[in-house]
Amino acid sequence: ISDTGSFLTFVGDTVVFLLDDETQKSLEKYQNQLYEECRDMLADRIDSQTFHITLHDLSNGNPSEELWQISRRNHIHTTRILEEFRQMDMDKIRLKPVAVFNMMNTSIVLGLEPVNDGSCQMIMEMYDRLQQVVELNYPLTLHVTLAYFKPGDYSSESVQKLKRVIGKINSALIPEIEVNIEQLFYQRFDDMNTYYEPMGTELSGS
């Protein structure tokens, strides 16, 4: 994020659950609350249509030929794994909101956790399988990013206002989120507001 709050180029790839329209609109209400009262602290708004739940990070950084080759390999390996998942008879995965919170002083996110053991087991089995593509050395934290902070210093008044808004959102009854294997995709990003699925020709080496 730039000093003015715009999205800077930051490329990479990831595996995410895309959200249905109803869930996107529901989460957009909480995003609106943040921007209505705390706009001075926040970067440009994330398009609600890009809201997603990250299952597994893969690669990221500044654009380079090396990173492009890494992401190309990730795409090939991950697509095979996702095809395996889709051959399995998987139930819906139910996730309940835990809280909206500040994640590492870079973003405001809605944290999620599985509702039951079945959903937890499915999530962790898929995550462990993707660890074979890129092994991460930090734990899975399921979340939806609602906003990024604008770099800089904030007044105590602004911080207290943000605290009140987050408290108000957390006191609301945020509904469960359901996802299924058909909503799981490999995606690339050019910045933190631009996600897309690559062309399939890459898989054949074209």
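This report covers the main pocket and one sheet of a predicted model.

**The pocket**

The largest pocket has a volume of about 870 Å³. It is lined by 34 residues, and the closest to its centre are Asp57, Met103, His143, Thr145 and Tyr148. Three elements each give two or more residues to this lining: strands E1 (11-18), E2 (52-61) and E5 (143-148). E2 gives the most, with eight residues. The make-up of the lining by class is tabulated here.

| Class in the lining of the largest pocket | Number of residues |
|---|---|
| Nonpolar | 19 residues |
| Polar | 13 residues |
| Charged | two residues |

**The sheet**

Strand E5, part of the pocket lining, also belongs to an open sheet of four strands. The order is E5-E4-E3-E6, and the pairing is antiparallel. E5 and strand E6 (177-179) are the edge strands, and each pairs on one side only. Neighbouring strands of the sheet are turned by 30° against each other on average, direction ignored.

E5 pairs with strand E4 (residues 107-114) in the antiparallel sense, over five bridges. Isoleucine 108 has alanine 147 of E5 as its bridge partner.

**The helices**

Helix H1 (residues 21-38) packs on the sheet. H1 touches E4, E5 and E6, and its direction makes about 35° with that of E5. Helix H3 (residues 117-130) lies across strand E3 (93-103) and E4. H3 runs at about 70° to E3.

Note on methods: Residues numbered from 1 in each chain as written. Predicted model: local features only at pLDDT ≥ 70, side-chain atom pairs only at ≥ 80, totals over all residues. Heavy atoms only, no water. 1 Å grid on protein atoms, 1.4 Å probe; cavity = no way out; pocket = protein on both sides within 12 Å on 5 of 7 lines; lining within 4 Å. Points joined across faces, edges and corners; volume = space filled by probe spheres on them. Nonpolar A, V, L, I, M, F, W, Y, C, P; charged D, E, K, R; others polar. Pairing = 2+ DSSP bridges. Axes fitted to C-alpha atoms, helices over the stretch in contact; angles between N-to-C directions. Contact = heavy atoms within 4.5 Å.
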